[in-house]
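Welcome to this guided tour! Keep your viewer open, and select each part as we come to it.

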Amino acid sequence: AEVSPTYAALSASLYLGGGMTDWFLPSPAELILLADGGEFDFTESISGWELGSYWTSDQFMNVGYLGTFIEFSDDGQGGIQTIISGTNVNVSELQIIPMRRF
């Protein structure tokens with residue numbers, strides 16, 4: 001996704017994919033499910049998907065300036081490893097994956 005001057009949650013809610021307007025920034029658990037959804041790897045269904053760091057909707061360790069992100073990386077065995085971490089939301093530019101319920 002492109003870098004936006006707008007914060008991550010607003011960028012996700014402004015996304016208009018498929019003409020829908022109910023997009024949101026996922027929680028860490030929702031984002032992890034993309035790569036760890038059991039039999040199906042949902043990352044294969046995301047246009048432009050790539051390994052890397054993606055913002056979630058949560059604060060990290062309940063510290064206001066720390067946002068939680070998920071790092072998706074190669075696990076060395078043909079799968080995807082997910083690591084949850086936090087970084088300063090004021091200086092870090094990470095990607096987002098808008099989601100919607102259906």
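**Stop one: the first strand pair**

Start by selecting Q59 and G67: in this predicted model, G67 in β2 is the bridge partner of Q59. Now widen your selection to the strands themselves. β1 and β2 pair in the antiparallel sense, over six bridges. In general, the strands of a sheet pair through backbone hydrogen bonds, and the pairing can be parallel or antiparallel.

**Stop two: the hairpin**

Next, select residues 63-74, which are strand β2, and residues 80-88, which are strand β3. These two strands are also paired in the antiparallel sense, this time over nine bridges. To find one of the bridges, select D74 and its partner in β3, I80.

How many residues lie between β2 and β3 in their hairpin? There are five, and G76 in the turn has a positive phi of about 80 degrees. Stay in this loop between β2 and β3 and pick out G79. Is G79 buried, partly exposed or exposed? Its relative accessible area is 24%, so G79 counts as partly exposed. Leaving out residues up to four places away in sequence, G79 touches S73 and D74. For a longer look, select I46 as well: the C-alpha atoms of G79 and I46 are separated by 16 Å, and the two residues are 33 residues apart along the chain.

**Stop three: the whole sheet**

Show all the strands together. You are looking at an open sheet of three strands in the order β1-β2-β3, with antiparallel pairing. β1 and β3 stand at the edges with a single partner strand each, so each has one side without a neighbour in the sheet. Ignoring direction, neighbouring strands of this sheet are turned by 30 degrees against each other on average.

**Stop four: a serine in β1**

Select S53, found in strand β1, which covers residues 52-60. S53 is buried because its relative accessible area is 15%, and buried means under 20%. Now add E71 to the selection: a polar contact of 2.2 Å joins the side chains of S53 and E71. Not counting residues up to four places away in sequence, S53 touches F69, I70, E71, L94 and Q95.

**Stop five: the nonpolar cores**

Which residues make up the largest nonpolar core? Select L31, L34, A35, W49, Y54, I70, F72, I97 and M99 to see its nine residues. Another core lies apart from it, with six residues, among them A8, W55, F69 and I96.

Return to F72 for a closer look. Leaving aside neighbours within four places in sequence, F72 is in contact with several residues, including L31, A35, W49 and Y54. I80, which you met as the bridge partner of D74, is also in contact with F72.

**Stop six: a helix residue**

Find L14 in helix α1, which covers residues 8-14. L14 counts as exposed because its relative accessibility is 55%, and exposed means over 50%. Add P98 to your selection: L14 and P98 are 84 residues apart along the chain, and their C-alpha atoms are separated by 9.2 Å.

**Last stop: the whole chain**

Zoom out and follow the chain along its sequence, and you will trace the pattern α-α-β-β-β. The radius of gyration is 13 Å, close to the 13 Å that the globule rule gives for 102 residues, so the chain is as compact as a globular protein of that length. Along its principal axes, the C-alpha trace spans about 35 × 35 × 20 Å. Of the 102 residues, 32% count as buried.

Key: Residues are numbered from 1 along each chain as its sequence is written. This is a predicted model: local features need pLDDT of at least 70, side-chain atom pairs count only at pLDDT 80 or more; totals for chains, interfaces and linings use all residues. Side-chain values use heavy atoms; hydrogens and water are left out. Two strands pair if DSSP finds at least two bridges between them. Helices (H or I, at least four residues) and strands (E, at least two) are DSSP runs, numbered from the N terminus. A nonpolar core is a set of buried Ala, Val, Leu, Ile, Met, Phe, Trp, Tyr and Cys residues joined through side-chain atoms within 4.5 Å. Buried means under 20% relative accessible area, exposed over 50%, partly exposed in between (1.4 Å probe, protein chains only). Contact means heavy atoms within 4.5 Å. A polar contact is a pair of N or O atoms within 3.5 Å; within protein, one must be able to donate a hydrogen and the other to accept it, and residues adjacent in sequence count only if both atoms are side-chain atoms. Axes are lines fitted to C-alpha atoms, for helices over the stretch in contact, and angles run from 0 to 180 degrees between N-to-C directions. The radius of gyration is taken over C-alpha atoms; the globule rule is 2.2 Å times the number of residues to the power 0.38.
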